[in-house]
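Student: Please take one part of this model and go through it with me slowly, one feature after another. I would like to follow the backbone of one chain, and then see how that chain sits against its neighbour.

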Amino acid sequence: MAKLEAKNIVKYFDHDGQPLKALGGINLTVDEGDFICLVGPSGCGKSTFLRIVAGLQKPEGGQILLDGRPIINTGPDRILVFQEGALFPWLKVQDNVEFGLKIAGIPESERHEISKRYLEMMDLTKFVNSYTYQLSTGMRQRVAIARALVMDPEVLLMDEPFAALDAQTRDTLLVEMQMIWQKTKKTIIFVTHSVSEATVLGNKVAVFTHRPSTIKKIVNIENKRPRLSEDETLMKYQQEILAELRPEVKSKGEEK
Amino acid sequence: MKANVLAKKIAFFVGIVLVWQAFDSANVWSDKVFPSPLEVGASLWYGASDGTLFYGIGTSLWRLAVGLVIAIAGGIILGVFMARVETVNQTIGSIILGLQSIPSVAWSPLAIVWFGLTDAGIIFVTVAGAIFAVTINTYTGVKNINPDYIAAAQNMGAKGGQLITKVLIPAAFPYMISGFKQGWAFAWRGVIGAELLFSFLGLGFLLNVGRQLSDVSQVIAMMLVIMIIGIVIDGLIFKKLEDKVMSRWGLR
């Protein structure tokens, strides 16, 4: 059953005062419990698409349906994990994680109970009283993921959350992310520029064209989990996706 | 403070006093115009022993505190609305820089007409001197907030007053601290300046009394007290606050 549907999403960027068509009509159906990764050439607007799904940007055309109802504004049913985490430096880890619950007016004892579960899941219990400047980049992204999960969103949106991490930290988080998905059964839309990351995480990988972008192909990946970056069985999917991406990256080069 | 830094400072101040004493001993100017360090010290001792000095300090600090609290609260409100509401910025915002360029004592004549020679008048001058520095820095701070902080907060359901108190103000705090530092310095000048003109208690009043009695020792003694209070408040309150905020916000 369709959890989230994007219907003909069109978005223009402002390019030195000239409108530049970034999204040329994105159609995408995300089923309940899908872990769908979006890959595409840089600048194709996949992150913008994610922000439109989050309701943080308005498209010039088309609409997003969540459980069949059009979304109007941003809201906690679609929580976005930002590339740089966007954690609040003035709050301790625990207060960062509980921020959305506090906004929702949930009493303190209940907040602690909910946050405890996700702080444990993300292995953060030792750092609840730390400030973000005291944490490594990897730890900060764990906090960002915990902060998103406590909101129990209908759809979890992730915008290249592992892009700034070193290889080892990323590999660990790739495995944990699969476990979180299996444990929470969340519907996840995950933007990445790494084809390998996409094949490890996704049960579906959607390939964007160069702008004005559309979705060119959706690759289904059935391999059992947890998958690792070095799994050879993922190679054929990676080659298939790269074959789709190559002409798109090339057409970008010609434009310049 | 490291021992050698402290030693340097002590040596410097002892040096100043010695040079000062040497000038006095050379008898270039009369003691009426140029008192010795001992005479200034005696004037301070005299003021301290009969309590007038402490009463003056207390009065000035009380006026400073009330004025500063009003200026900070008002400046934050003005600054946030200027940054978030374009109409406010286009209207009120356009005169804030102009108002900021008015020296605080220049508000005194107006304050005397409106409030008379009262505490309220002096506090008005203090607030007028400090509020626009807080406003401008708050405005800059809110304008410079990482847009992802605001997007994340809105995504998690924050809006209206919650967005302002839980995100905009704390996120802009490093800039606001600069506003508080400038604001407090302007406020202190405003208090002393107004007290000189109002001649109604406080350190500025004692300074003026010194002039009227041709007691230059008292004039210099009061200037020293005003300066020392400035150093202490800046070092003990604002410098510490700034250091703490800068490190927590990951800016240092």
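Tutor: Let us begin with a cut-off that we shall need in a moment: a residue is buried if 20 or more other C-beta atoms lie within 10 Å of its own, exposed if 12 or fewer do, and partly exposed in between. Please keep in mind throughout that this is a predicted model, with an ipTM of 0.92 and a pTM of 0.88.

The part to look at closely is chain A, and E160(A) is a good place to enter it. E160(A) is found in the loop between β7 (155-159) and α6 of chain A, and its phi is near 40°, a positive value in a residue other than glycine. Because E160(A) has 20 C-beta neighbours inside 10 Å, it counts as buried.

From that loop we can step back to the domains. The domain assignment divides chain A into domain 1, which is made of residues 2-77 together with 155-255, and domain 2, which covers residues 85-152. The C-alpha centres of these two domains of chain A lie 25 Å apart, and where the domains touch, 10 residues of domain 1 are in contact with nine residues of domain 2. On the domain 1 side of this contact, helix α6 of chain A (residues 167-184) gives the most, with four residues. By class, the residues of domain 1 of chain A that touch domain 2 divide into eight nonpolar, two polar and no charged.

Now turn to the start of chain A, where strand β1 (residues 2-15) and strand β2 (residues 18-31) pair in the antiparallel sense over 11 bridges. To see one such pairing in the structure, find V10(A), whose bridge partner in β2(A) is G24(A). The two strands β1(A) and β2(A) form a hairpin with two residues between them, and in that turn D16(A) has a positive phi of about 50°.

Further along chain A there are two cis peptide bonds to find, each of them leading into a proline. One joins R211(A) and P212(A), with omega at about -5°, and P212(A) lies in the loop between β9 (204-208) and β10 (215-220) of chain A. The other runs from R225(A) to P226(A), with omega near 0°, and P226(A) is found in the loop between β10 and α8 (235-255) of chain A.

Last comes the contact with the neighbouring chain, which takes 21 residues from chain A and 15 residues from chain B. On the side of chain A that touches chain B, the elements that give two or more residues are β6 (78-81) and α3 (99-103) of chain A, and α3(A) gives the most, with three residues. By class, this side of chain A has 16 nonpolar, four polar and one charged residues.

Chain B itself averages a pLDDT of 92, and 99% of its residues score at least 70. A useful partner for E160(A) in your comparison is S199(B), whose phi is near 50°, again a positive value in a residue other than glycine. S199(B) sits in the loop between α8 (160-198) and α9 (203-212) of chain B, and because it has 14 C-beta neighbours inside 10 Å, S199(B) counts as partly exposed, whereas E160(A) counts as buried.

Notes. Residues are numbered from 1 along each chain as its sequence is written. Chains are lettered from A and ligands numbered from 1 in the order in which they are written. This is a predicted model: local features need pLDDT of at least 70, side-chain atom pairs count only at pLDDT 80 or more; totals for chains, interfaces and linings use all residues. Two residues are in contact if their C-beta atoms, placed from the backbone, lie within 7 Å. Ala, Val, Leu, Ile, Met, Phe, Trp, Tyr, Cys and Pro count as nonpolar, Asp, Glu, Lys and Arg as charged, and the others, Gly among them, as polar. Domain bounds come from an automatic or database domain assignment. pLDDT is the predictor's confidence in each residue, from 0 to 100. Two strands pair if DSSP finds at least two bridges between them.
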